Amino acid sequence: MNVTIVDYYSGNVSSVLNSFKEAAKYKPDLNIKIKLSNKLEDIKNADKLVLPGQGSFKNCINSLKSIDGLEEALKEQVQIKKKFILGICVGMQMFADYGEEDGGSEGLGWISGTVKKIKISSEFQETCKLPHIGWNGVGFYVVRGPIADKFTNGFGAEDKHFYFVHSYIFHPKDVDNLLGETYYAGQKFTSAVIKENIIGTQFHPEKSGNDGLLMIQNFLTL
């Protein structure tokens, strides 16, 4: 199995690469090969894709779209050939139609919705800051189905804790795309999405210890 982590110069992605290589060791029967690349050939030859993201929505989407042919290649593999893709943090946010950060930018439009800044009410100003950094619970109880069940296999009904670094959140238009939810500053926000073969997490599984490693293994076995 070939897994390509899409390299569009969004920042340090070494932790993503290393965590996928570590997870692959637990699935030797799949003969998994992990590659960090933005070459169109590697995108097309991949069995699964990973879209990481670090920084602002606008910078990430502009960087991705600046690489000749990359957006079109991803669209072909994901939307037409239906290959599995995992978006992480801003990588997930870019699945949306639009992101409001830095004046606003169009996203990939793969999952209908908008990315907006977290609003913290006055009663939480002292205890909850932006960016939202650190460990927080994720409840995977919103939508069920064979792919969602396999991706979240091993997590059960209780919240599991994952590592977050973000100030913006994805507001999906369709409740059927909700996969996980998290509470912060007295409000509930979407922390994982799914649409057929497209999966995204606002948190960083590559920085989330054993639970994150298990989630990556689950993705590799979809």
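## The largest pocket

In this predicted model, the helix α5 (90-93) and the strand β9 (160-166) each supply at least two residues of the lining of the largest pocket. That pocket holds about 160 Å³ of space, and of the 14 residues that line the pocket, the closest to its centre are Gly55, Cys89, Val90, Val165 and His166.

When the lining residues of the largest pocket are sorted by the character of their side chains, four are nonpolar, eight are polar and two are charged.

## The enclosed cavity

Rolling a probe the size of a water molecule over the atoms shows where empty space is left. Apart from the pocket just described, how many cavities of 30 Å³ or more does the structure hold? There is one cavity of 30 Å³ or more, and the volume of the largest cavity is about 70 Å³.

Among the residues that line the largest cavity are Ser10, Asn12, Val13, Ser15 and Val16, together with Pro52, Gly53 and Gln54, and the lining also includes Ile88, His204, Glu206 and Lys207. Sorted by character, the residues of this lining divide into four nonpolar, six polar and two charged.

## Salt bridges and their surroundings

The structure holds four salt bridges, and three of them can be described one by one, beginning with the pair Glu22 and Lys25, whose closest N and O atoms are 3.3 Å apart. Glu22 counts as partly exposed because its relative accessibility is 31%, which lies between the limits of 20% and 50%, whereas Lys25, at 59% relative accessibility, counts as exposed.

Another salt bridge joins the side chains of Asp42 and Lys35, with an N to O distance of 3.3 Å. Is Asp42 buried or exposed? Asp42 has a relative accessible area of 13%, so this residue counts as buried, the limit being under 20%, while its partner Lys35 is partly exposed, with a relative accessible area of 41%.

## A link between distant parts of the chain

The side chains of Glu196 and Lys82 also meet in a salt bridge, with 2.8 Å from N to O. This pair links distant parts of the chain, as the two residues are 114 residues apart: Glu196 sits in the loop between the strands β12 (187-195) and β13 (198-201), and Lys82 sits in the loop between the helix α4 (70-80) and the strand β4 (84-88). Lys82 is partly exposed, with a relative accessible area of 41%.

How values were computed
Residues are numbered from 1 along each chain as its sequence is written. This is a predicted model: local features need pLDDT of at least 70, side-chain atom pairs count only at pLDDT 80 or more; totals for chains, interfaces and linings use all residues. Side-chain values use heavy atoms; hydrogens and water are left out. On a 1 Å grid over the protein atoms alone, a cavity is a set of points where a 1.4 Å probe fits but cannot get out, and a pocket is an open set with protein on both sides within 12 Å along at least five of seven lines; lining residues have an atom within 4 Å of a point. Grid points are joined across faces, edges and corners, and a volume is the space filled by probe spheres set on the points. Helices (H or I, at least four residues) and strands (E, at least two) are DSSP runs, numbered from the N terminus. Ala, Val, Leu, Ile, Met, Phe, Trp, Tyr, Cys and Pro count as nonpolar, Asp, Glu, Lys and Arg as charged, and the others, Gly among them, as polar. Buried means under 20% relative accessible area, exposed over 50%, partly exposed in between (1.4 Å probe, protein chains only).
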